Amino acid sequence: MEESDGAVIAGSLETPGAFGIIFDRHGSTLLRFLTRRVDPAEAEDLLGEVFRIAFERRSTFERDRDSARPWLYGIAANLVAKHHRSESRRLRAMARVSARRVLPDDPAERAVAAADAGVLWARVVDAIGTLPEAERQVLLLYAWEELSYEEIASALGVPVGTVRSRLSRGRARLAALTRERDTAVGVPLAPFAPCDAGGDR
Amino acid sequence: MTDDLERLRRVRPDRLLPDDPPDPETLVRGKARLMSAITGPADPADAAGAVSPADAAGAAGAAGQRRSPSIYPRLAYRDEVAALGFLTRAFGFVERREARMEHPDGMLAWLEIGDGMVMIGRAGEEHHGLHSPLDVGALTAMVNVRVHDIDAHYRRAEAEGARIVMPLEEMFWGDRRYEALDPEGHRWHFAERVTRAPDQPGEFTGGGGHTGGGGS
């Protein structure tokens, strides 16, 4: 029976080194989250930041909480928001990848010509970038990180009702953005057209 | 039409590019930096003692960053979580706990003995086309491991249920060794050098040269 994160963190007030256990338990999850959201090179630095901040604030973590994961996600999401340029670069790079990529396991995709499907995915990625920050955070914590409403609320320090409303607003906006673009057949999306040269910035 | 959430899930970066896991070194570095910030670089003993028994068992260098060897194999299991438990319990591997990656479709773990390392993950076509011996009924590789105190190692492995397929015995080239199968049938060769060999590389070439059966 492993000690809960709350107990480990409480113990680390006496024995700071014990905080390393929190890294062991959640480091790879947080690294994966950051790698999804910002430039890979920046993800490693932000990972260090997340745990440095968490360590400094560990006295505020409630002892009876089982998992520190939502709390760490909250710190990380906040850092991502402060690195918006890096996030945009990551999304642009992804859009380029998705424009070329055929996802072989997707039945919906087989119905469409591969090239068109690639354009569709690029549009979804593009749309993510245009969402308001608060909605993007909630949507991606839900869809990519698979956190529950409660975990997202706890991560972002907002009520569960706010999570629900941001999620549904974000979904509606995303659907509208993608639909809009679906109908714009034949109009190439300037930033994501398949020209690799010079597309890095 | 695909549901909007499903579309969003589909463009998750590691789904678009699922090929490679992140480098576990990133996590090893991250952990080392955190620990030196917490305990100060001058106090590695505290860090290792407080943090994980793994570090203590992991031979040299509590705070020193261990590097991955240039070559290490990746083994596939139907149940990689059970395999992790078995390999640490029965064979004395020590997991690089901070490097573990947990995905809904499989866990990746890095295990060390001495300066060697193996990586384990889930079997399947979608996981680099690697399969468990349980599924293919054949082996195409064996992992060789040097250990200290081979007799104790053997007793522990046997007690934990490893299937011994070659008995513990002393070989003419100076090794005491045995071979065992883990629960999914991967084959492991464990050896300790028991007779003093000349301090030279090329352990297997002494005397009459390398016999064909020596390596298998």
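Which residue's side chain meets that of B:Arg29 in a salt bridge? In this predicted model, the partner is A:Glu44, with 2.8 Å from N to O. The pair crosses between chains, since one residue, B:Arg29, sits in helix H3 (residues 24–39) of chain B and the other, A:Glu44, sits in helix H3 of chain A. The report begins with this contact and then turns to the interface, the helices of chain A and a sheet in chain B.

## Salt bridges around A:Glu44

A:Glu44 also meets B:Arg33 in a salt bridge, at 3.3 Å from N to O, and this pair again crosses between chains, from helix H3 of chain A to helix H3 of chain B. Side chains of opposite charge can pair when their charged atoms come close. With a relative accessibility of 16%, A:Glu44 falls under the 20% limit and therefore counts as buried. B:Arg29, in contrast, has a relative accessibility of 26% and counts as partly exposed, and B:Arg33, at 40%, is likewise classed as partly exposed.

The table lists three salt bridges by their N to O distance.

| Side chains | Distance, N to O |
|---|---|
| B:Arg29 and A:Glu44 | 2.8 Å |
| A:Glu44 and B:Arg33 | 3.3 Å |
| A:Glu133 and A:Arg136 | 3.1 Å |

Over all chains the count comes to 30 salt bridges, and five are found across the interface of chain A and chain B.

## The interface of chain A and chain B

The contact between the chains takes 46 residues from chain A and 38 residues from chain B. Together the two chains bury about 3,700 Å², and 64% of this area lies on carbon and sulfur atoms. A:Glu44 appears here again, for together with A:Phe23 and A:Asp24 it supplies 16% of the area that chain A buries against chain B, more than any other three residues.

Polar contacts across this interface, with both residues at pLDDT 80 or more, amount to nine residue pairs. On the side of chain A that touches chain B, the elements giving two or more residues are H2, helix H3 (40–56), helix H5 (84–100), helix H7 (114–130), H8 and helix H10 (160–183) of chain A. Of these, H2(A) gives the most, with 10 residues.

A:Arg36 has its place in helix H2 of chain A. Its side chain makes a polar contact with the side chain of B:Asp14, at 2.8 Å. Leaving aside residues up to four places away in sequence, A:Arg36 touches A:Arg90, A:Met94, A:Trp144 and A:Glu145 within chain A, as well as B:Arg12, B:Pro13 and B:Asp14 in chain B. At 5% relative accessibility, A:Arg36 counts as buried.

## Covered helices in chain A

Helix H8 (residues 133–143) of chain A is mostly covered, with eight of its 11 residues buried, among them A:Arg136, A:Val138 and A:Leu140. The salt bridge between A:Glu133 and A:Arg136 lies within this helix, where the two residues, being three residues apart, are separated by about one helical turn. An α-helix has 3.6 residues a turn, so residues three or four places apart point the same way. The two partners nevertheless fall into separate classes of accessibility: A:Glu133, at 27%, counts as partly exposed, whereas A:Arg136, at 2%, counts as buried. Elsewhere, salt bridges that share partners join A:Arg36, A:Glu145, B:Arg12 and B:Asp14 into one network.

Helix H1 (residues 5–14) of chain A is mostly covered too, seven of its 10 residues being buried, including A:Asp5, A:Val8 and A:Ile9. What covers the buried residues of H1(A) includes helix H2 (20–37) and helix H4 (69–82) of chain A.

## A four-stranded sheet in chain B

In chain B, four strands form an open sheet of mixed pairing, in the order S6-S9-S8-S7. Strand S6 (142–146) and strand S7 (163–170) stand at the edges with a single partner strand each, so one side of each is left without a neighbour in the sheet. Neighbouring strands are turned by 15° against each other on average, direction ignored.

S6(B) pairs with strand S9 (residues 187–193) of chain B in the parallel sense over five bridges, and B:Val145 stands opposite B:Phe190 in S9(B). Along S6(B) the side chains alternate, so that B:Val143 and B:Val145 point to one face and are buried, while B:Met142, B:Asn144 and B:Arg146 point to the other and are not. Helix H8 (residues 150–159) of chain B lies across S7, strand S8 (175–181) and S9 of chain B, running at about 15° to S8(B).

Notes: Residues are numbered from 1 along each chain as its sequence is written. Chains are lettered from A and ligands numbered from 1 in the order in which they are written. This is a predicted model: local features need pLDDT of at least 70, side-chain atom pairs count only at pLDDT 80 or more; totals for chains, interfaces and linings use all residues. Side-chain values use heavy atoms; hydrogens and water are left out. Two strands pair if DSSP finds at least two bridges between them. Axes are lines fitted to C-alpha atoms, for helices over the stretch in contact, and angles run from 0 to 180 degrees between N-to-C directions. Contact means heavy atoms within 4.5 Å. Buried means under 20% relative accessible area, exposed over 50%, partly exposed in between (1.4 Å probe, protein chains only). A polar contact is a pair of N or O atoms within 3.5 Å; within protein, one must be able to donate a hydrogen and the other to accept it, and residues adjacent in sequence count only if both atoms are side-chain atoms. Buried area is the accessible area (1.4 Å probe) that two parts lose on being put together, summed over both. A salt bridge is a side-chain nitrogen of Lys or Arg within 4 Å of a carboxyl oxygen of Asp or Glu.
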